[in-house]
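Biologist: Could you take me through one part of this model up close, and then show me how it sits in the whole? I work at the bench, so plain words are welcome.

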Amino acid sequence: MKRRNFLKACLIGGTTIALGKTNKGWAAGSFEGYPEAMGVLVDTTRCIGCRSCEAACNKEQNLPEPDTSFNDNSVFQEDRRPTAKAYTVVNAYQKNQPGGPVYRKVQCNHCNEPACLTSCFVNAYTKTKEGAVIYNPDVCVGCRNCMIACPFNVPGYDYESVTNPVVKKCILCYDTRLKVGKPPACVEICPQEALTFGHRADLIKVAHERIRANPERYVDHVYGEKELGGTSWLYLAPTDFDKIGFDTTLGNDPIISNVKDFLGMVPMVLSIWPALFSGIHLLSKHDAEGHGHDTENTEEDR
Amino acid sequence: MKKMIQHGLAVVDSPYNESGAKRTIMDKLLLGLTPSQYLLQAFRNPLNWILAAIFAIGIPILLGRFVFGLAWATSGSNDYPWGLFLGFGLFAMVPLSSSGFQLGTACEIFGRHDLEPIERLALLNGLLGYFFAVVYLLADLGQPWRLPYPMVVSFGPAAVLFLVAWHVATYLSVQVAEVSTAFFEWIGFPAGKRGVRRITLGLTVSGIILSTLHQGALGALFTYAPGKVHPLWYSSSFQWLHFFVSSLPGGLCMVIGVSTIAAKTMTWRTDGRFQKNLDRITVSLAKGACMGIATYITIKLIGIAHDNKWSYLDSGWGQWFMLEIIMGFMVPLTLMTYGVHTRKMAIVRLGAFMTVFGVVLNRVNTAIITFNWKLPHREIPPWREVVISLAIFAIYIVVYRFILYRLPILYRWRLQEQEAPVTEAVHAPAARRESAPVPVASYSNMTELD
């Protein structure tokens, strides 16, 4: 009878493992991005804060009318973030400094190993070979875990929608442009050539070349080259990155490396626990006849 | 109810009424009262008036959330995507529901039959906690009707949330099966009960596996946000352990809390076995909880030492952190240890309530209060979000009470003699009951039919 129970427990455990085999750890080594991945280099020393990239994005992605026009410079008074209605925003920093203001365009950085992608439980996100991080709104459940996970606070949620709210963010104009080899709308419209579109590998070289040619113009760092495993969008800046709104504390490991400890433990629990606890049950069964447990010296077990 | 019992009402605790006729479902549902008597006792209960007030405001707003959308009902913040519904509803309800698997393990795996009088309450507490965590989740999801997607439509197996979804869904069914024995007794379907009893060991073991993993997984969800969760509440290596270990005293203390409330407010529904054993069992649970808290405090400090985060303690966040760990864990640990040694039950129970508070505060801190600590603004949930959270919690209380009033959770279902041997032989051999003196005494005291 008890052996049958034990076998049953093993069977249930086995089924759980079979179900759980999909819970595999993301055990691959570090992924440094597709070789042909495209990217954009942002030279913040060239940006004049004209917000034409915001306007172009709005038009290209058929986003709703903004609250104020794209010529309205009062928006620079606050620190904005991308939302479901604006996939890219330009913020101003160091407004009262001698060299300022410095403008920084914010949008999805299209990470090589995106946190949003790895956190999504319906696998809505895809990192394409062109480097874009796109998503499938048809499966988005609306848990908003990707917004928790994104280290750059990029994805916006369509809270206003009642029947079909989904996560929305920059897709590097994948559907309409990138797929056919065209640069994103924001890059194309930039009057200052502050944005440069190209292969990510080439852009890194370009960035370092600019720093080498003009060392007094730039700090010697390309933001996004190594941060969080590297991003498709790369930034050059005239001053320390943390002074113009960048988070410089994120480190170079992709977000998923923080989660691997836990994911690696999962299959161990699934395979060891059934035998362990069924075994303990069998062992403790033995004295069931004569057990006169004294509550004083037995501990609550777990 | 108390008054009605004084006036000679017989409590429903067997399939037959005083005159020996079989009780109908309606009779059982109305607790053996006539409809008008039932309404009368409901109106007399002051808690019902408070609940009615909450529902009067809360239910329309809860419905409004599905009509007008999340932006209307919640803060709809991009920076704080998880508000009260998840920060409180999901992250706090789940650890308080770990009682089911712990008492299941103690009774069924480790053979601690002395804890059986409270096993069903612990199982029910687990089931309802999980169920309402899912209700909160449904209120929070943008498209709740897509909840089954990770199971059937599109799989994201590398995501921690995928694991949580699968495990909570599986564990909910396990818990339904575990609690169903009480339901089968009540409804009068012994075959179903016997069937479930046969797979109890399997259910219990899968309960342990699923609980270990998803209690930990809820913590691991935050390892996706190393830059957003405050370092004192974050640990890349130990986050899942912190969540898992703190859920253990959380669940045990929740059972102490609920049993305290039940023993006070529905004494009529408890039987002698429950009343006699409650203090003794509370001591056992408190001992377990103390070990859990001590372990938790230790690994929490190890977590801080591991990443050398001591300097954060000397900040406003650090003081808030110390308040949480002192008031929510260290003081209750001291109180419960003292209470257990001196058998001062009131102190033990106070400690248990404080632990529940500590676990809830820890989850709310991690998910909302200290989340995005680098951002300049903090999120204050708007009133509709608060009201909806309250309303769902009130529904939880009503359902909890509804079940406790009826199903044999706090009392034993008495069976007619011809049925007794069949069921008894399966789940409680007479020899064992004789060897455990206390339950037998109380059981035979109150059974008149036997």
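Here is the close look, starting from one strand and moving outwards.

Biologist: Which residues cover the two faces of strand 3 of chain A?

Modeller: Happy to help, and please keep in mind that this is a predicted model. Strand 3 of chain A spans residues 102–106, and five of its five residues are buried, so the strand is largely enclosed by the rest of the structure. In a regular strand, side chains point alternately to one face of the sheet and the other. Here, one side carries Val102(A), Arg104(A) and Val106(A), the other side carries Tyr103(A) and Lys105(A), and all of these are buried. "Buried" here counts neighbours: at least 20 other C-beta atoms lie within 10 Å of the residue's own.

The strand also has a partner. Strand 2 of chain A, residues 89–93, runs antiparallel to strand 3 and is joined to it by five bridges. One of the pairings to look for on your screen is Val90(A) with its bridge partner in strand 3, Lys105(A).

Stepping back to the whole chain, chain A contains seven helices and nine strands. Of its 302 residues, 44% count as buried. Among contacts in chain A with a separation of 6 or more, 64% are between residues 24 or more positions apart.

How far to trust the picture depends on where you look. Chain A has a mean pLDDT of 84, with 84% of its residues at 70 or more. Confidence is highest in strand 9 (residues 233–236), at 96, and lowest in helix 1 (residues 2–20), at a mean of 54. Across residues 17–28 of chain A the pLDDT stays under 50, and the model gives this stretch 20 contacts beyond four places in sequence. Residues 290–302 of chain A are also below 50, with 23 contacts beyond near neighbours in sequence.

Now for the partner chain. The largest nonpolar core has 193 residues, and Tyr136(B), Val160(B) and Ala286(B) have the most contacts inside it. Helix 8 of chain B (residues 116–140) gives the most to this core, with 15 residues. Val160(B) is a nice one to click on: leaving aside residues up to four places away in sequence, it touches Val259(A) and Phe262(A) in one chain and Ala217(B), Ala220(B) and Leu221(B) in the other.

Where the chains meet, chain A contributes 67 residues and chain B 65 residues. On the side of chain B that touches chain A, helix 12 gives the most, with 10 residues. That side has 38 nonpolar, 21 polar and six charged residues.

Notes. Residues are numbered from 1 along each chain as its sequence is written. Chains are lettered from A and ligands numbered from 1 in the order in which they are written. This is a predicted model: local features need pLDDT of at least 70, side-chain atom pairs count only at pLDDT 80 or more; totals for chains, interfaces and linings use all residues. A residue is buried if 20 or more other C-beta atoms lie within 10 Å of its own, exposed if 12 or fewer, and partly exposed in between; C-beta atoms are placed from the backbone. Helices (H or I, at least four residues) and strands (E, at least two) are DSSP runs, numbered from the N terminus. Two strands pair if DSSP finds at least two bridges between them. pLDDT is the predictor's confidence in each residue, from 0 to 100. Two residues are in contact if their C-beta atoms, placed from the backbone, lie within 7 Å. A nonpolar core is a set of buried Ala, Val, Leu, Ile, Met, Phe, Trp, Tyr and Cys residues joined through C-beta atoms within 7 Å. Ala, Val, Leu, Ile, Met, Phe, Trp, Tyr, Cys and Pro count as nonpolar, Asp, Glu, Lys and Arg as charged, and the others, Gly among them, as polar.
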